Amino acid sequence: MSEVAPKLVIAIDGPAGAGKSTIASRLAKTLGYVNLESGAMYRALGLKSIEAGVAAEDGAALLALANQSTIELEPTPEGNRVLLDKRDVSARIRERDVTDAASRVSTHPGVREWMVSRQREMGARGGVIMEGRDIGTVVFPDANAQDDPARAEKLKQDLRERDRRDSTRATAPLRAAADAVHIDSSALTIEQVITRAEEIVAEKLKQHSR
């Protein structure tokens, strides 16, 4: 009787602009895993808060909104479709106003607990890759500059502000897990990062098979 290969829960964490989404998507396709994007889930709720006129500072109202929402990630060969109450919002949630709303929405403890619960349910069976700004520490223990220097600088400032806000929030601040495997991608191409990630996964699978 052949043994069933173990399926891992792979967490890809890190600050804004680190390439988490690209790496998670590519690695999921390579391994045949499901890519569960936590950021997309927060963006979906951020979008709903914009559409419903709920202030990003009102944690209680946001949690009530979350409890009335259905957020699903539907894998496709081209990447995930993000469904908000059965409506495809995949393109809309990548726009700047939604990205900013998502960062603000994510600071509320009740909202984060709701999201963590949904993400744990989705990852319970293993065989998933989850990327996000606190996946490794909490859940499992987009614009072009287009040669516009002023716009590029503004985007960098926005990213630095998101990192500052996410690193200093009271609940689940952005930090590395104690047992995280670090990949410094500063001087690496996406292909090199993915190759290194595949090597790490192979090592972990060997350990789990023993």
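**Close-up views of a predicted model**

On the side of helix α3 away from its buried residues, A60 and N67 are exposed. This and every other view below is taken from a predicted model.

**View 1. Helix α3 and its buried face.**
Helix α3 covers residues 59-67, and its buried residues are L62, L65 and A66. Looking down the axis of α3, these buried residues fall within an arc of 100 degrees, so they line one face of the helix. The cover over the buried residues of α3 includes three other helices, namely α2 (38-52), α4 (96-105) and α5 (109-123). Two of these helices, α2 and α4, return in View 4, while α5 is the partner of α3 in View 2.

**View 2. The packing of helix α3 with helix α5.**
Two packed helices are described by the angle between their axes and the distance between the axes. For α3 and α5 the angle is about 20 degrees, and the axes lie 8 Å apart. Because angles under 35 degrees count as roughly parallel, α3 is described as roughly parallel to α5. On the α3 side the contact is made by G59, L62, L63, A66 and N67, and on the α5 side by G110, V111 and W114. Sorted by kind, the residues of this contact comprise five nonpolar, three polar and no charged. L62 and A66, which take part in the contact, are also among the buried residues of α3, whereas N67, another contact residue, is exposed.
One of the α5 residues in the contact is G110, which counts as partly exposed, with a relative accessibility of 23%. The C-alpha atom of G110 is separated by 7.6 Å from that of A60, although the two residues are 50 residues apart along the chain.

**View 3. The surroundings of S69, in the loop that follows helix α3.**
S69 belongs to the loop between α3 and β3 (71-74). With a relative accessible area of 10%, S69 is buried, because the cut-off for a buried residue is under 20%. The side chain of S69 reaches the backbone oxygen of L65 at 2.6 Å, and L65 is itself one of the buried residues of α3. A further polar contact, of 3.0 Å, joins the side chain of S69 to the side chain of K48. When neighbours within four places in sequence are left aside, S69 is in contact with L45, K48, D85 and W114. Of these partners, W114 also appears in the contact of α3 with α5, L45 takes part in the contact of α2 with α4, and D85 is taken up in View 5.

**View 4. The crossing of helices α2 and α4.**
The axes of α2 and α4 come within 8 Å and cross at roughly 100 degrees. Since angles of 65 to 115 degrees count as roughly perpendicular, α2 is described as roughly perpendicular to α4. From α2 the contact draws on Y42, R43, L45, G46, L47, S49 and I50, and from α4 on D97, V98, T99, A101, A102 and V105. The residues of this contact divide into eight nonpolar, three polar and two charged.

**View 5. D85 and K86, in the loop between strands β4 and β5.**
D85 lies in the loop that links β4 (81-84) to β5 (87-88), and K86 belongs to the loop between these two strands as well. D85 has a positive phi of about 50 degrees although it is not a glycine. Phi of K86 is likewise positive, near 75 degrees, in a residue other than glycine. As for exposure, D85 is partly exposed, with a relative accessible area of 34%, whereas K86 is exposed, with a relative accessible area of 61%.

**View 6. I190 in helix α8, with the protein as a whole for orientation.**
I190 lies in helix α8, which covers residues 190-209. With a relative accessible area of 29%, I190 is partly exposed. Not counting residues up to four places away in sequence, I190 touches T22, I23 and R26.
For the wider setting, the secondary structure of the protein comes to eight helices and six strands. Read from the N terminus, the elements follow the order β-α-β-α-α-β-β-β-α-α-β-α-α-α. The protein has 210 residues, of which 40% count as buried.

How values were computed
Residues numbered from 1 in each chain as written. Predicted model: local features only at pLDDT ≥ 70, side-chain atom pairs only at ≥ 80, totals over all residues. Heavy atoms only, no water. Buried < 20%, exposed > 50% of the residue type's maximum accessible area, 1.4 Å probe, protein only. Arc of directions from axis to C-beta. Contact = heavy atoms within 4.5 Å. Axes fitted to C-alpha atoms, helices over the stretch in contact; angles between N-to-C directions. Parallel < 35°, antiparallel > 145°, perpendicular 65-115°, else oblique. Nonpolar A, V, L, I, M, F, W, Y, C, P; charged D, E, K, R; others polar. Polar contact = N/O pair within 3.5 Å; in protein donor to acceptor, adjacent residues only side chain to side chain.
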